[in-house]
Amino acid sequence: MPVLALISAVVFLTVEQYVEWKYGIAGIVGLLLLTVGIKANSPGVSSAGAVLLALLLARPAL
C-alpha cells in the first residue's frame, strides 16, 4: 500500500509541474479546482476546474 501511495504522489506531482510549466497559474488553479471538487464530491467545483482546463487546452486551437 505505501508503494502505491508513493507512485500516485509522484505521478500527481509530475502532472502538476507539467501543467504549471505549460499553462501557468491558471492551469494550476484548474487542476486544484478539479482535484478538490472530486475529493469533496462537489460537481460544481470539479466542473469549474474541468472547464478551465478545457479552455486552456483548446486555446491554441481557437
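Is Tyr18 buried, exposed or partly exposed? Tyr18 counts as partly exposed, with a relative accessibility of 44%. What you have here is a predicted model, built from two helices and zero strands. Here's a quick tour, from the overall build down to single residues.

**Overall build**

- The protein has 62 residues, and 18% of them count as buried.
- If you lay the C-alpha trace along its principal axes, the spans come out at about 45 × 25 × 15 Å.
- About 4700 Å² of the protein is exposed, and carbon and sulfur atoms supply 76% of that area.
- Take the contacts between residues at least 6 apart in sequence: 20% of them join residues at least 24 apart.

**The loop between the helices**

- Helix α1 covers 2-39 and helix α2 covers 43-58, with Asn41 sitting in the loop between them.
- Asn41 has a phi near 60 degrees, so here's a positive value in a residue other than glycine.
- Is Asn41 buried or exposed? Asn41 is exposed, because its relative accessible area is 69% and the cut-off for that label is over 50%.

**The aromatic pair**

- How many aromatic pairs are there? The count comes to one.
- The partners are Tyr18 and Trp21, with 6.0 Å from centre to centre and 45 degrees between the planes.
- That pair goes down as tilted, because 45 degrees falls between the cut-offs of 30 degrees for stacked and 60 for edge-to-face.
- Both residues belong to helix α1 and are three residues apart there, so about one helical turn separates them.
- Trp21 is exposed, at 68% relative accessible area, whereas Tyr18 is partly exposed at 44%.

**The nonpolar core**

- In soluble globular proteins, nonpolar side chains tend to be buried together.
- Which residues make up the largest nonpolar core? Five do: Val19, Tyr23, Leu31, Leu53 and Leu56.
- Both α1 and α2 give two or more residues to this core, and α1 has the largest share with three residues.
- Leu56 is a handy core residue to click on: setting aside neighbours within four places in sequence, Leu56 is in contact with Tyr23, Ala26 and Gly27.

**A buried serine**

- Ser46 is part of helix α2.
- Why does Ser46 count as buried? The relative accessibility of Ser46 is 14%, and buried means under 20%, so Ser46 makes the cut.
- Leaving out residues up to four places away in sequence, Ser46 touches Leu33, Leu34, Gly37 and Ile38.

**The nonpolar surface patch**

- Some nonpolar side chains show up on the outside too: a surface patch of about 480 Å² is made by Ile25, Val29, Leu32, Leu33, Val36 and Val45.
- Which helix gives the most to the patch? That's α1, with five residues.
- One of the patch members is Leu32, which is found in helix α1.
- Leu32 is exposed, with a relative accessible area of 52%, so Leu32 clears the 50% cut-off for that label.
- Leu33 ties two of these topics together: Leu33 belongs to the patch and is also among the residues that Ser46 touches.

Definitions and conventions. Residues are numbered from 1 along each chain as its sequence is written. This is a predicted model: local features need pLDDT of at least 70, side-chain atom pairs count only at pLDDT 80 or more; totals for chains, interfaces and linings use all residues. Side-chain values use heavy atoms; hydrogens and water are left out. Helices (H or I, at least four residues) and strands (E, at least two) are DSSP runs, numbered from the N terminus. Buried means under 20% relative accessible area, exposed over 50%, partly exposed in between (1.4 Å probe, protein chains only). Rings of Phe, Tyr and Trp (its six-membered ring) pair if their centres lie within 6.5 Å; planes under 30 degrees apart count as stacked, over 60 as edge-to-face and the rest as tilted. Contact means heavy atoms within 4.5 Å. Accessible areas come from the Shrake-Rupley method with a 1.4 Å probe; for residues, only the protein chains shown count as cover. A nonpolar core is a set of buried Ala, Val, Leu, Ile, Met, Phe, Trp, Tyr and Cys residues joined through side-chain atoms within 4.5 Å. Patches are made of residues with over 30% relative accessible area and no salt bridge: like charges are joined within 9 Å, nonpolar side chains (Val, Leu, Ile, Met, Phe, Trp, Tyr) within 5 Å. A salt bridge is a side-chain nitrogen of Lys or Arg within 4 Å of a carboxyl oxygen of Asp or Glu.
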